[in-house]
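Me: Hi! I'm new to this one, so could you walk me through it?

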Amino acid sequence: MATLVPTSSAPGLHVSKPSPSEPATASAVCHCGASASAKGDVQVGALVAGWNANHGSAHNAGGTA
């Protein structure tokens with residue numbers, strides 16, 4: 001099985017939460033070169049919100065970054 005962690009050659013956003021009692025983790029790499037990681041439900045939520053607003057498909061819709 002291929003890894004789901006994003007890289008510069010395969011950009012994207014990956015979020016994992018193995019169980020309800022464990023903290024979420026996330027990593028993101030954008031085609032513009034930006035990257036980030038987060039651990040904890042609140043921090044992961046902020047990373048996802050930032051990704052949606054500024055990276056990924058937001059570049060095509062006039063987002064910043």
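Me: How much surface does the protein chain expose, and what share do carbon and sulfur atoms supply?
Reply: This is a predicted model, and its protein chain exposes about 4,200 Å². Carbon and sulfur atoms supply 58% of that area.

Me: And what percentage of the residues is buried?
Reply: Of the 65 residues in the protein chain, 28% are buried.

Me: Okay, how many helices and strands does the chain have, and in what order do the elements run?
Reply: There is 1 helix, along with 3 strands. Starting from the N terminus, the order is β-β-β-α.

Me: Which residues make up the largest nonpolar core?
Reply: That core has 8 residues. They are Ala24, Ala26, Ala28, Cys30, Ala38, Val44, Leu47 and Trp51. Both β2 (25-29) and α1 (41-54) supply at least two residues each.

Me: Which element gives the most to this core?
Reply: That would be α1, with 3 residues.

Me: Let's pick Leu47. What does Leu47 touch, leaving out residues up to four places away in sequence?
Reply: With those left out, Leu47 touches Leu13, Ala26, Ala28, Ala36, Ser37 and Ala38. Leu47 is also one of the core residues, as are Ala26, Ala28 and Ala38.

Me: Changing topic: how many disulfides turn up in the whole structure?
Reply: The search finds 0.

Me: Why is there no bond between Cys30 and Cys32?
Reply: Because the sulfur of Cys30 is 3.6 Å from the sulfur of Cys32, which is too far for a bond. A disulfide needs the two sulfur atoms within 2.5 Å. Seen from Cys32, the closest cysteine sulfur is the one in Cys30.

Me: Are those two buried or partly exposed?
Reply: Cys30 is buried, with a relative accessible area of 3%. Cys32 counts as partly exposed, at 38% relative accessibility.

Me: Now Gly56. Where does Gly56 lie, and why does it count as buried?
Reply: Gly56 lies in the segment after α1. Gly56 counts as buried because its relative accessibility is 16%, and the cut-off for buried is under 20%.

Me: What does Gly56 touch, again skipping residues up to four places away in sequence?
Reply: Gly56 touches Cys30, His31 and Trp51. Two of these names, Cys30 and Trp51, also appear in the largest nonpolar core.

Me: And how many Å separate the C-alpha atoms of Gly56 and Pro11?
Reply: They are separated by 8.4 Å, although the two residues are 45 residues apart along the chain.

Me: Last one: among contacts between residues at least 6 apart in sequence, what percentage joins residues at least 24 apart?
Reply: In the protein chain, 17% of those contacts do.

Conventions:
Residues are numbered from 1 along each chain as its sequence is written. This is a predicted model: local features need pLDDT of at least 70, side-chain atom pairs count only at pLDDT 80 or more; totals for chains, interfaces and linings use all residues. Side-chain values use heavy atoms; hydrogens and water are left out. Helices (H or I, at least four residues) and strands (E, at least two) are DSSP runs, numbered from the N terminus. Buried means under 20% relative accessible area, exposed over 50%, partly exposed in between (1.4 Å probe, protein chains only). Contact means heavy atoms within 4.5 Å. Accessible areas come from the Shrake-Rupley method with a 1.4 Å probe; for residues, only the protein chains shown count as cover. A nonpolar core is a set of buried Ala, Val, Leu, Ile, Met, Phe, Trp, Tyr and Cys residues joined through side-chain atoms within 4.5 Å.
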